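Visitor: I am new to this structure and would like a close look at one part of it. Please take me through how the helices there pack against one another.

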Amino acid sequence: MFPERLDAPQAYDIAKAMMDGFNRHYRLFRAESARAKHRFETADWHGQQRAQRERIEFYDLRVKECVRRLDKEFHAGDQSMEVWHQIKLHYIGLMVNHLQPELAETFFNSVTTKILHRTHFHNDFIFVRPAVSTEYIESDDPGARPTYRAYYPSRDNLHETVVRIVEHCALQRDFEDLPRDAGHVVQALQQRLGAVKLRTNFQVQVLSSLFFRNKGAYLVGKVINGYNELPFALPILHGEDGRLLIDAVLFGENDLQMLFSFARAYFMVDMEIPSAYVQFLRSLMPRKPRAELYTALGLAKQGKTLFYRDFLHHLRYSTDKFRIAPGIKGMVMLVFDLPSFPYVFKLIKDQFPAPKDTTREQVQGKYLLVKQHDRVGRMADTLEYSLVAFPRERFSDELIEEIRRHAPSQMEISDRDGDGRQEVIIAHLYIERRMIPLNIHLQECFDTGLDKPEARSALEHAVTEYGNAIKDMVAANIFPGDMLWKNFGITRNGKVVFYDYDEIEYLTDCNFRRVPPPRCEEDEVSGEVWWPVGPHDVFPETFGPFLLGNDAVREAFMRHHADLLDVEFWQSHKERIQAGHVYDVFPYDSARRFRCASSSSFQTQGDST
Ligand SMILES: Nc1ncnc2c1ncn2[C@@H]1O[C@H](COP(=O)(O)OP(=O)(O)OP(=O)(O)O)[C@@H](O)[C@H]1O
């Protein structure tokens with residue numbers, strides 16, 4: 001029932017305290033994101049990575065702080081539901097002119113769900129649906145930067161305009177030769193546009209804030225001509241002598257999707273109105289869910305909220321059943337999916353068979369490590385949820401049985417809300433993008449027949465990408481642990497991405513060793529490991545027999561990635577990382593670089609120390 005009067009004196013104060021909590025959060029989040037520019041300008045790469053990692057923790061810290069304040073100052077948990085109803089209405093009032101209302105709503109939900117009983121998790125008390133529109137939000141502050149800038153060049157002054165666009169970013173570090181780089185950009189653009197007539201609305205729109213991640217800054221925008229829009233991004237890097245350069249130009253939805261991939265670390269962007277950034281980015285990548293865009297901007301909680309809303313909507317408008325995910329079952333994770341929905345759901349089993357020697361806490365620790373680490377486009381991001389309820393009738397009996405057998409502690413089947421409908425409640429769950437497991441993909445190539453050129457080239461591509469994925473992870477100081485094909489998936493863009501994290505280690509924590517010479521003839525013929533092995537020992541020479549049983553796979557692998565079987569490769573990368581070197585891993589093909597078309601997927605560039 002809608003209250004006719006807002007007459008509870010404490011309701012406004014509580015709403016205001018929650019809004020203060022959110023404002024403090026966004027102020028700190030934004031300040032940390034804005035500092036990325038300075039870190040880029042001063043080549044503080046370790047600082048950039050540290051900030052990327054630490055910023056992820058900000059949200060939970062602020063929520064805890066706010067819950068503590070509400071408890072201490074207002075005894076929030078003892079307030080009646082009438083008061084809570086009024087708190088939500090006051091909060092809506094406080095959002096009327098707010099610049100981040102959607103984030104403020106999510107913050108309200110995070111705090112409220114820590115205080116109220118779950119029977120109250122509905123739209124009267126929390127924001128199950130948004131209450132305040134994010135359309136056309138603008139700041140009234142006369143000094144505020146617009147979300148994007150528009151430029152109206154002609155064919156004749158395109159070069160000048162590109163120089164101006166980059167200069168407007170006001171990077172406090174010299175470019176090697178900005179006119180030269182602008183020339184490359186114009187040339188690429190002219191090639192792309194071809195002889196097309198420039199229409200009266202021809203313009204370039206560019207987001208005002210740069211996007212920072214690791215050692216790169218990205219200028220993101222679109223070219224509009226008539227009814228056509230061409231998304232683009234300019235990666236700006238430090239050159240050999242430390243001055244700046246534009247390294248490439250990325251064009252079109254697919255290039256932008258790679259840049260904003262779910263398998264990369266989150267960007268640092270100074271945004272006053274994040275929803276306006278998301279709206280602009282959505283116009284560049286219409287197929288990318290808003291949830292993933294918020295997440296890519298570092299607003300992972302908002303991503304989670306939107307993902308969950310999308311998921312509930314999908315459930316309502318679909319009829320298929322959750323099932324055990326196709327592929328080889330995991331020993332640590334129990335994985336299921338809904339065929340009509342492009343994500344998988346993973347829960348940690350209660351017990352793990354030998355040789356797995358780990359615990360639930362350790363597995364969670366590894367997933368957290370990946371979340372906080374630079375995922376270099378090769379490790380899928382995960383959304384983590386607790387106490388997720390699914391309608392019982394949407395689960396196959398086989399899946400229920402599987403969970404009962406392997407993860408009984410994680411499942412409860414009950415009518416939790418008392419609405420007469422049985423639910424499957426999963427205690428703890430990771431959700432990630434569904435890919436085609438690489439073993440299934442390779443099998444499809446074999447089944448088609450390797451005498452067919454398309455199957456052979458698909459296999460070659462997959463094997464090459466697999467090695468590239470491992471090398472990119474190596475560059476990011478990650479040893480994947482279990483490199484079997486089944487632990488990698490292939491995305492719709494043909495990228496190979498790793499998703500099995502329970503054996504992941506920092507490369508710098510591993511001892512890369514040669515297999516010692518056999519002590520006797522018996523050792524030589526024994527198929528077993530006869531030599532002593534320490535907990536962090538890795539023997540790259542032994543990877544072959546596990547991975548390369550198939551002749552065609554072996555042949556392709558050895559042509560592109562024989563170095564992965566060599567202890568030297570691993571050892572030398574470990575030493576360079578230990579010496580403080582930060583590798584560049586480009587979110588685009590190196591052949592796209594203006595001045596260096598190298599075949600390697602990552603390169604070293606200057607020392608960061
Ligand atoms: N993102 C994904 N997309 C598609 N399938 C997936 C995905 N993640 C996992 N799977 C499927 O689930 C299986 C088990 O997942 P995962 O490798 O994460 O479990 P695990 O228990 O850690 O495995 P292992 O026994 O190798 O340690 C995979 O082999 C694959 O078939």
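Guide: What follows is a walk through three helix pairs, with some remarks on confidence and on two backbone details.

The model is predicted. Its average pLDDT is 93, and 98% of the residues score at least 70. For the complex, the predictor gives an ipTM of 0.92 and a pTM of 0.92. One stretch needs care: over residues 597-609 the pLDDT stays under 50, and the model has 30 contacts beyond four places in sequence for that stretch. Where pLDDT is low, the predicted coordinates should not be read in detail.

The protein is divided into domain 1 (9-120), domain 2 (148-299), domain 3 (318-434) and domain 4 (438-578). The C-alpha centres of domain 2 and domain 4 are 36 Å apart.

Now to the helices. Two packed helices are described by the angle between their axes and the distance between the axes.

Take α1 and α3 to begin with. Helix α1 covers residues 9-41 and helix α3 covers residues 81-94; they pack at an angle of about 55°, and their axes are 8 Å apart. That angle makes α1 oblique to α3. The crossing of α1 past α3 is right-handed. On the α1 side, the contact is made by Gln-10, Ala-11, Tyr-12, Ile-14, Ala-15, Lys-16, Met-18 and Met-19. On the α3 side, the residues are Val-83, Gln-86, Ile-87, His-90, Tyr-91 and Leu-94. Sorted by class, the contact of α1 with α3 has 10 nonpolar, three polar and one charged residues.

The next pair is α2 and α4. Helix α2 (residues 45-74) and helix α4 (residues 101-115) pack at about 50°, with 10 Å between their axes. The two helices, α2 and α4, are therefore oblique to each other. Here too the crossing is described by its hand: α2 passes α4 in a right-handed crossing. From α2, the contact takes in Val-63, Cys-66, Val-67 and Leu-70, and from α4 it takes in Ser-110, Val-111, Lys-114 and Ile-115. By class, six nonpolar, one polar and one charged residues make up the contact of α2 with α4.

Helix α4 also meets helix α10 (residues 300-316): the axes come within 10 Å and cross at roughly 80°. The axes of α4 and α10 are therefore roughly perpendicular to each other. In α4 the residues involved are Glu-102, Leu-103, Thr-106, Asn-109 and Ser-110, and in α10 they are Lys-301, Gln-302 and Thr-305. This contact of α4 with α10 has one nonpolar, five polar and two charged residues. Ser-110 of α4 is listed in the contact with α2 and also in the contact with α10.

Two backbone details remain. Most residues other than glycine have a negative phi, and most peptide bonds are trans. Asn-214 is not a glycine, but its phi is positive, at about 50°. Asn-214 is placed in the loop between β3 (211-213) and β4 (216-225). The peptide bond from Ala-354 to Pro-355 is cis, with omega near 5°. Pro-355 lies in the loop that runs between β10 (343-348) and α11 (360-372).

Conventions:
Residues are numbered from 1 along each chain as its sequence is written. This is a predicted model: local features need pLDDT of at least 70, side-chain atom pairs count only at pLDDT 80 or more; totals for chains, interfaces and linings use all residues. Axes are lines fitted to C-alpha atoms, for helices over the stretch in contact, and angles run from 0 to 180 degrees between N-to-C directions. Helices (H or I, at least four residues) and strands (E, at least two) are DSSP runs, numbered from the N terminus. Angles under 35 degrees count as roughly parallel, over 145 as roughly antiparallel, 65 to 115 as roughly perpendicular and the rest as oblique. A crossing is left-handed if the near helix is turned anticlockwise from the far one by less than a right angle, and right-handed if clockwise. Two residues are in contact if their C-beta atoms, placed from the backbone, lie within 7 Å. Ala, Val, Leu, Ile, Met, Phe, Trp, Tyr, Cys and Pro count as nonpolar, Asp, Glu, Lys and Arg as charged, and the others, Gly among them, as polar. pLDDT is the predictor's confidence in each residue, from 0 to 100. Domain bounds come from an automatic or database domain assignment.
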